[in-house]
Amino acid sequence: MKKNIGGMLSAKMDGIIVNGTDNLLLSYYIGLTSVAMYANYTMIITGLTQVMGQLISAVTSSIGNLGASKVSQKKKEEVFYKYFYISSLLSILVAVGFSAFSSTFVTLWLGNKMVYSFLPLLIISLNFVFQSLRQSVINYTNAYGLYWYARWKPIFESLVNLVVSWTLVKYTELGISGVLIGTITSNLLVNVFWESSIVLRYGLKTKVRRFLCLYISYIIGSAMVIFVTVYTVENFSGQKFVNGVLIAILAELAAYVMFMILNKIFYPKDLAAFNIVALLKRFRS
């Protein structure tokens with residue numbers, strides 16, 4: 001109990017430190033006008049994150065109950081992969097939709113002057129999807145009570161985030177993009193590998209490598225779709241309502257196809273895959 005409480009406090013402090021340093025750097029180096037523009041986008045992201053959080057976190061207690069039961073390890077692993085599959089698909093579709101339609105929404109809401117150009121919108125969208133993809137792994141850490149194994153992670157994550165963010169915002173003209181690149185870097189270099197290792201090795205007691213292959217494929221695939229989407233928004237008047245809707249529909253279709261292809265290649269073949277068609281048929285019946 002003492003170990004897990006200490007680890008949990010460390011994890012909670014991690015979020016406070018990372019977000020706090022980002023806000024300090026933004027306020028000190030960027031200026032209030034740019035921060036106000038960024039706040040418009042973060043408000044949209046916060047709303048989307050809260051909705052997704054209700055869906056993804058609703059089963060945390062059930063996951064903990066499954067972990068404490070006498071079900072076979074393979075069954076637990078299958079449930080984990082299916083949960084990661086569902087939450088990742090939701091995260092990617094929402095993030096792609098944000099990258100495609102946020103410029104249209106901000107234009108209708110506040111006008112063209114408050115719309116971000118290519119690079120800031122790309123970085124914000126990438127940061128959004130990378131943070132969202134982590135949530136299923138974090139929920140498993142919470143459900144299985146694996147806080148102790150993550151006790152040193154916040155230190156490394158905070159240091160990487162602070163050093164990269166401060167260096168980019170101090171010595172480049174990237175502005176908000178530089179601060180968020182620091183957050184993305186700490187996610188990719190620290191959180192992806194450390195959090196995955198904790199859940200797979202100490203919680204599910206199974207192979208970490210094949211999960212990382214699937215996880216990294218989601219990261220690369222979603223980044224590619226978001227890059228093409230933001231490029232299309234920037235070069236084909238995505239701020240206009242009709243164009244924004246068309247780009248969003250095409251981007252969501254591309255994201256879904258990409259997701260299905262990646263699962264065909266990287267989803268573990270010895271585990272029962274999640275079948276969306278069968279689930280839809282059950283709902284229909």
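Colleague: Where is the place of T172?

Modeller: This is a predicted model, and in it T172 falls in the loop between α6 (153–171) and α7.

Colleague: OK, and how exposed is T172?

Modeller: T172 is partly exposed, at a relative accessible area of 29%.

Colleague: What separates T172 from V190, C-alpha to C-alpha?

Modeller: Those C-alpha atoms are separated by 24 Å, and the two residues are 18 apart along the chain.

Colleague: Let me zoom out. How many helices and strands does the chain have?

Modeller: Ten helices and zero strands. Reading from the N terminus, the order of elements is α-α-α-α-α-α-α-α-α-α.

Colleague: And why call the chain as compact as a globular protein of that length?

Modeller: Its radius of gyration is 20 Å and the globule rule gives 19 Å for 285 residues; those values are close, so the chain is as compact as a globular protein of that length.

Colleague: What box do the C-alpha atoms fill?

Modeller: Roughly 60 × 50 × 30 Å, taken along the principal axes.

Colleague: What share of the residues counts as buried?

Modeller: 46% of the 285 residues. On the contact side, take pairs of residues at least 6 apart in sequence: 82% of those contacts join residues at least 24 apart.

Colleague: Back to α7, then. How do α7 and α8 pack?

Modeller: They pack at an angle of about 145°, and their axes are 11 Å apart. The crossing of α7 past α8 is right-handed.

Colleague: Which residues meet there?

Modeller: From α7 you have L188, V192, F193, S196 and L200, and they meet F211, L212, Y215, I216 and I219 of α8. By class, that contact divides into nine nonpolar residues, one polar and no charged.

Colleague: S196 caught my eye. Is S196 buried or exposed?

Modeller: S196, in helix α7, is buried, with a relative accessible area of 0%.

Colleague: What does S196 touch?

Modeller: Leaving aside residues up to four places away in sequence, S196 touches V137, N191, V208, F211, L212 and Y215. F211, L212 and Y215 also appear on the α8 side of the α7 contact.

Colleague: How far apart are S196 and I138 in sequence and in space?

Modeller: They are 58 residues apart in sequence, and 8.9 Å apart in space, C-alpha to C-alpha.

Colleague: What about the loop between α7 and α8, where K205 has its place? Is K205 buried or exposed?

Modeller: K205 sits in that loop, between α7 (176–203) and α8 (209–235). It counts as exposed, at 61% relative accessibility, because the cut-off for exposed is over 50%.

Colleague: And what is the phi of K205?

Modeller: About 55°, so to speak on the positive side, although K205 is not a glycine.

Colleague: Changing topic: how do α4 and α5 pack?

Modeller: Helix α4 (residues 73–110) packs on helix α5 (residues 118–144) at an angle of about 155°, with the axes 9 Å apart. Angles over 145 degrees count as roughly antiparallel, and α4 and α5 are therefore roughly antiparallel to each other.

Colleague: What kind of crossing is it where α4 passes α5, and what's in the contact?

Modeller: A right-handed crossing. The contact of α4 with α5 has 16 nonpolar, ten polar and one charged residues.

Colleague: How do the axes of α4 and α9 cross?

Modeller: At roughly 165°, and the axes come within 9 Å. That pair, α4 and α9, is therefore roughly antiparallel as well. α4 passes α9 in a right-handed crossing, and the contact residues divide into 18 nonpolar, five polar and one charged.

Colleague: Pick me a residue in α9. What does N263 touch?

Modeller: N263 has its place in helix α9 (residues 241–266). Not counting residues up to four places away in sequence, N263 touches Y85, L214 and Y218. N263 is also buried, with a relative accessible area of 9%.

Colleague: Last one: T141, buried or exposed?

Modeller: T141 is buried, at a relative accessible area of 11%. T141 lies in helix α5 and touches L146, Y147 and V199, again setting aside residues up to four places away in sequence.

Terms used. Residues are numbered from 1 along each chain as its sequence is written. This is a predicted model: local features need pLDDT of at least 70, side-chain atom pairs count only at pLDDT 80 or more; totals for chains, interfaces and linings use all residues. Side-chain values use heavy atoms; hydrogens and water are left out. Axes are lines fitted to C-alpha atoms, for helices over the stretch in contact, and angles run from 0 to 180 degrees between N-to-C directions. Helices (H or I, at least four residues) and strands (E, at least two) are DSSP runs, numbered from the N terminus. Angles under 35 degrees count as roughly parallel, over 145 as roughly antiparallel, 65 to 115 as roughly perpendicular and the rest as oblique. A crossing is left-handed if the near helix is turned anticlockwise from the far one by less than a right angle, and right-handed if clockwise. Ala, Val, Leu, Ile, Met, Phe, Trp, Tyr, Cys and Pro count as nonpolar, Asp, Glu, Lys and Arg as charged, and the others, Gly among them, as polar. The radius of gyration is taken over C-alpha atoms; the globule rule is 2.2 Å times the number of residues to the power 0.38. Buried means under 20% relative accessible area, exposed over 50%, partly exposed in between (1.4 Å probe, protein chains only). Contact means heavy atoms within 4.5 Å.
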